[in-house]
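Got your viewer open and a coffee within reach? Load the model below, and let's walk through it selection by selection.

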Amino acid sequence: MMLWLIISLSTLVALAVVLWPVWQGTADAPADPGSAIYRDQLGEIEGDLKRGLLSDSEAAASRAEVARRLLAAEQAHAAPPTSTAITSGRPIMAAALLALFGVAALGLYRQIGAPSLPDLPLAGRLAAPTEGDSIDVLIAKVEERLRLAPEDGEGWDVIAPVYLRVGRAQEAADAYAQAIRLLGEDAKRLEGFGVATVAAADGLVSEASRQAFERAIALDAKRIESRFWLAAAAEQDGRKEEAAAGYRDVLARSPGDASWRPMVEQRLAGVMGVPQSPGPSAADVDAAASMTAEERQTMIEGMVAGLAEKLKTDTNNIDGWLRLIRAYTVLEKRELALKALAEARGALSKDSAALASLDGLAKELGLES
């Protein structure tokens with residue numbers, strides 16, 4: 001409603017400026033340029049007379065001729081008198097034209113415009129910027145709006161996921177925090193704050209993000225991403241059984257074709273101690289989850305033995321050596337881990353980067369002590 005009022009007032013002002021001369025009447029006619037020429041000629045005659053180029057009689061004759069032409073030009077250019085009837089009718093004419101232009105403009109807009117379409121929300125413009133506005137330009141516009149109105153919760157709620165999508169994780173976390181403060185908690189905002197906080201901390205699930213994920217699940221039990229990060233937090237803290245249970249829960253709640261399933265399966269295999277190369281399949285992970293401890297140990301040892309056998313021919317596979325050494329350590333087979341470390345260093349003795357990776361892993365696992 002406010003937009004229509006502004007447009008209407010702007011149109012009225014523009015039409016009033018255009019029609020003002022009609023209302024006031026025609027201004028005095030400007031001087032005829034021909035009259036100025038004749039006056040210049042009179043000045044030139046006087047100058048020629050003083051310089052002796054014209055005699056008195058010639059100058060008089062010339063002055064008379066130019067004066068006659070000047071008088072005729074000024075009479076021809078004079079505006080005709082305006083009748084009282086025409087003058088009194090000008091306000092009515094101006095008002096009629098104003099109404100006519102307004103009705104015509106409205107009819108044209110209804111014909112070619114789209115008055116029934118709703119305005120595209122700011123969130124929609126950010127998600128799909130027009131050709132003329134890049135995402136950076138739209139972000140800058142929202143930032144300017146928030147500088148002028150920092151308590152605009154909707155603005156913070158709109159820009160937070162955009163910050164996260166373009167890699168500005170800390171700014172996304174701050175924006176989510178502002179949106180939660182101003183608009184209140186909901187599952188989407190809480191999960192967004194948690195994800196942004198984890199991203200800003202390079203994957204570390206802090207206590208603040210963990211609490212946000214827990215509150216998000218309390219509000220909406222379907223928040224799969226929050227469940228995944230809670231499992232990751234348990235893994236991060238060394239609570240492997242809790243982490244494995246969390247990853248299984250995520251897989252149980254995920255569609256069979258979900259893009260994140262392979263990654264979750266890999267994390268589950270990792271906390272269960274299953275070596276990840278050549279990599280367990282989903283069936284392997286499901287089977288391991290239903291096995292007894294002895295059966296699972298036998299399966300893991302078989303996979304580790306297969307990896308060791310593969311490295312006898314693929315000796316330059318640094319990733320394979322790293323996984324084998326870690327798997328032996330998880331299985332508490334320190335001697336085999338040390339042997340694999342020595343074999344890997346011998347096979348990769350000319351690869352300084354690979355040797356550095358082996359040294360780092362040995363230090364991490366305490367194999368150098």
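What follows is a short tour, from the whole chain down to single residues and helix pairs.

**Stop 1: the whole chain**

Keep in mind that this is a predicted model. Colour by secondary structure to begin with: the protein chain has 18 helices and 0 strands. Now switch on the surface. The accessible surface of the protein chain is about 22700 Å², and 59% of that belongs to carbon and sulfur atoms. How many of the 369 residues, as a percentage, count as buried? The figure is 30%. As for contacts between residues at least 6 apart in sequence, 49% join residues at least 24 apart.

**Stop 2: α6 against α7**

Select α6 (135–148) and α7 (153–165). Their axes come within 11 Å and cross at roughly 145°, and the crossing is left-handed. Show side chains to see who meets whom. On the α6 side you'll want I135, I139, V142, E143 and L146, which meet G155, W156, I159, V162, Y163 and R165 in α7.

**Stop 3: salt bridges around α7**

Time to colour by charge. The chain has 20 salt bridges in total, and we'll visit a few of them. Pick R181 and E151, whose closest N and O atoms are 3.3 Å apart in a salt bridge. R181 lies in helix α8 (residues 169–183) and E151 sits in the loop between α6 and α7, so this pair ties together parts that are 30 residues apart in sequence. Is E151 buried or exposed? E151 is exposed, with a relative accessible area of 52%.

Next, select D157 and R189. Their side chains meet in a salt bridge at 3.1 Å, N to O. D157 belongs to helix α7 and R189 to helix α9 (residues 187–200), so here the parts tied together are 32 residues apart in sequence. Look at how each partner sits relative to the surface: D157 is partly exposed at 26% relative accessibility, whereas R189 is buried at 12%.

**Stop 4: R210 in α10**

Move on to helix α10 (residues 207–219) and centre on R210. Which residue does the R210 side chain meet in a salt bridge? The partner is E214, at 2.5 Å from N to O. The two residues are 4 apart in helix α10, so about one helical turn separates them. Both count as partly exposed: R210 has 22% relative accessibility, and E214 has 38%.

While you have salt bridges on display, add E143, R168 and E171, which are joined into one network by salt bridges that share partners. You have already met E143 in α6, among the residues facing α7.

Back at R210, look beyond its own stretch of chain. Apart from neighbours within four places in sequence, R210 is in contact with V205 and L230. If you like, draw a distance from the C-alpha of R210 to that of V195: these atoms are separated by 9.7 Å, and the residues are 15 apart along the chain.

**Stop 5: R227 in α11**

Now go to helix α11 (residues 224–236) and select R227. Buried or exposed, would you say, for this arginine, R227? R227 is buried, with a relative accessible area of 16%; the cut-off for buried is under 20%. Show what surrounds R227: leaving aside neighbours within four places in sequence, R227 is in contact with I217, A221, D249, V250 and R253.

**Stop 6: α11 alongside α13**

Keep α11 on screen and add helix α13 (residues 261–271); the two axes come within 12 Å and cross at roughly 25°. Angles under 35 degrees count as roughly parallel, and α11 and α13 are therefore roughly parallel to each other. Their crossing is left-handed. For the side chains that make the contact, select F228, A232 and E235 of α11, together with M263, V264, R267 and V271 of α13.

**Stop 7: the loop at E332**

Finish in the loop between α16 (318–330) and α17 (334–347), where you'll find E332. Check the backbone here: E332 has a positive phi of about 60°, although E332 is not a glycine. Turn the surface back on and E332 should be easy to pick out, since it is exposed, with a relative accessible area of 73%.

How values were computed:
Residues are numbered from 1 along each chain as its sequence is written. This is a predicted model: local features need pLDDT of at least 70, side-chain atom pairs count only at pLDDT 80 or more; totals for chains, interfaces and linings use all residues. Side-chain values use heavy atoms; hydrogens and water are left out. Contact means heavy atoms within 4.5 Å. A salt bridge is a side-chain nitrogen of Lys or Arg within 4 Å of a carboxyl oxygen of Asp or Glu. Buried means under 20% relative accessible area, exposed over 50%, partly exposed in between (1.4 Å probe, protein chains only). Accessible areas come from the Shrake-Rupley method with a 1.4 Å probe; for residues, only the protein chains shown count as cover. Axes are lines fitted to C-alpha atoms, for helices over the stretch in contact, and angles run from 0 to 180 degrees between N-to-C directions. Angles under 35 degrees count as roughly parallel, over 145 as roughly antiparallel, 65 to 115 as roughly perpendicular and the rest as oblique. A crossing is left-handed if the near helix is turned anticlockwise from the far one by less than a right angle, and right-handed if clockwise.
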